[in-house]
Amino acid sequence: MKTLRIMLDFTEGPLWKDFYDMDTKELCTGIEVVDNDEELQKLNDEIQDLYGSYYKFDYHDLPCYFDEEQEKKDKDKMLFLLGKLKDRLNEINDGSFVIDDQETERVKNL
């Protein structure tokens with residue numbers, strides 16, 4: 001059984017993709033039901049777009065700035081989206097993976 005990590009990082013969606021698919025030439029989770037679910041991929045992209053918007057470049061005299069205040073303002077929205085993501089994962093889980101959510105608790109504590 002595989003472990004599917006939910007973590008946020010710059011340019012990475014919450015679904016941690018740590019395998020490279022030689023056929024599609026893209027990163028993937030390596031879990032077919034996850035990688036092939038369009039609804040899940042849209043949620044992944046939406047969450048990544050929101051999280052990525054907190055990074056500012058050449059801002060406040062810094063080469064890279066993370067807007068912690070905006071992240072706090074968006075806390076409820078992010079929790080809602082992470083909840084939808086986990087709900088969808090639970091819907092499609094065929095027993096081939098377990099979810100390791102490393103973000104929801106962190107976001108709750110903002």
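# Close-up views

**View 1. Leaving aside its neighbours within four places in sequence, Asp 67 is in contact with Tyr 54 and Lys 56.** This view, like those that follow, is drawn from a predicted model. Asp 67 lies in a loop, the one that runs between strand 5 (62-66) and helix 3. Although Asp 67 is buried, it takes part in no salt bridge, and the nearest side chain of opposite charge, that of Lys 56, is 4.6 Å away. Because a salt bridge requires the nitrogen and the carboxyl oxygen to be within 4 Å, the 4.6 Å between Asp 67 and Lys 56 does not qualify. A polar atom of the Asp 67 side chain does, however, lie 3.0 Å from the backbone nitrogen of Gln 70.

**View 2. Arg 106 and Glu 71 are joined by a salt bridge between their side chains, with 2.9 Å from N to O.** The two residues come from distant parts of the chain, Arg 106 from helix 5 (residues 104-108) and Glu 71 from helix 3 (residues 68-73), and they are 35 residues apart. Their surroundings can be described through accessibility: Arg 106 counts as partly exposed, at 31% relative accessibility, whereas Glu 71 counts as buried, at 7%. Arg 106 also meets the side chain of Glu 103 in a salt bridge, here with 2.7 Å from N to O, and Glu 103 is buried, with a relative accessible area of 6%. As general background, side chains of opposite charge can pair when their charged atoms come close.

**View 3. The side chains of Asp 101 and Lys 86 form a salt bridge, with 2.9 Å from N to O.** Since Asp 101 lies in strand 6 (residues 97-101) and Lys 86 in helix 4 (residues 75-92), the pair ties together parts that are 15 residues apart in sequence. Both partners are partly exposed, Asp 101 with a relative accessible area of 25% and Lys 86 at 24% relative accessibility. Elsewhere in the model, Asp 37, Glu 39, Arg 88 and Glu 91 are joined into one network by salt bridges that share partners. A search of the whole structure finds eight salt bridges.

**View 4. Gln 48, whose place is in helix 2 (residues 38-52), reaches with its side chain to the backbone nitrogen of Glu 12 at 3.5 Å.** Gln 48 is buried, and its relative accessible area is 12%. When residues up to four places away in sequence are not counted, Gln 48 touches Asp 9, Phe 10, Thr 11, Glu 12, Gly 13 and Pro 14, so that Glu 12 is among the residues it touches under the 4.5 Å limit for a contact.

**View 5. Leu 4, in strand 1 (residues 2-6), counts as buried, at 1% relative accessibility.** Apart from its neighbours within four places in sequence, Leu 4 is in contact with Leu 15, Thr 29, Ile 31, Val 34, Leu 89, Phe 97, Val 98, Ile 99 and Asp 100. As a guide to distance, Leu 4 and Asp 76 are 72 residues apart in sequence, and their C-alpha atoms are 23 Å apart in space.

**View 6. The largest nonpolar core holds 21 residues, of which Val 34, Met 78, Leu 85 and Leu 89 touch the most other members.** Strand 1, helix 2 and helix 4 are the elements that give two or more residues to this core, and helix 4 gives the most, with six residues. Leu 85, one of the four named members, is in contact with Ile 6, Pro 14, Leu 15, Leu 40, Leu 43, Asn 44 and Ile 47 once its neighbours within four places in sequence are left aside. In soluble globular proteins, nonpolar side chains tend to be buried together.

**View 7. Cys 28 and Cys 64 are shown here in a structure that holds zero disulfides.** Cys 28 is buried, with a relative accessible area of 13%, while Cys 64 is partly exposed, with a relative accessible area of 40%.

Methods
Residues numbered from 1 in each chain as written. Predicted model: local features only at pLDDT ≥ 70, side-chain atom pairs only at ≥ 80, totals over all residues. Heavy atoms only, no water. Helix = DSSP H or I, 4+ residues; strand = E, 2+ residues; numbered from the N terminus. Buried < 20%, exposed > 50% of the residue type's maximum accessible area, 1.4 Å probe, protein only. Polar contact = N/O pair within 3.5 Å; in protein donor to acceptor, adjacent residues only side chain to side chain. Disulfide = S-S within 2.5 Å. Core = buried A, V, L, I, M, F, W, Y, C linked by side-chain atoms within 4.5 Å. Lys, Arg positive; Asp, Glu negative; His and termini not counted.
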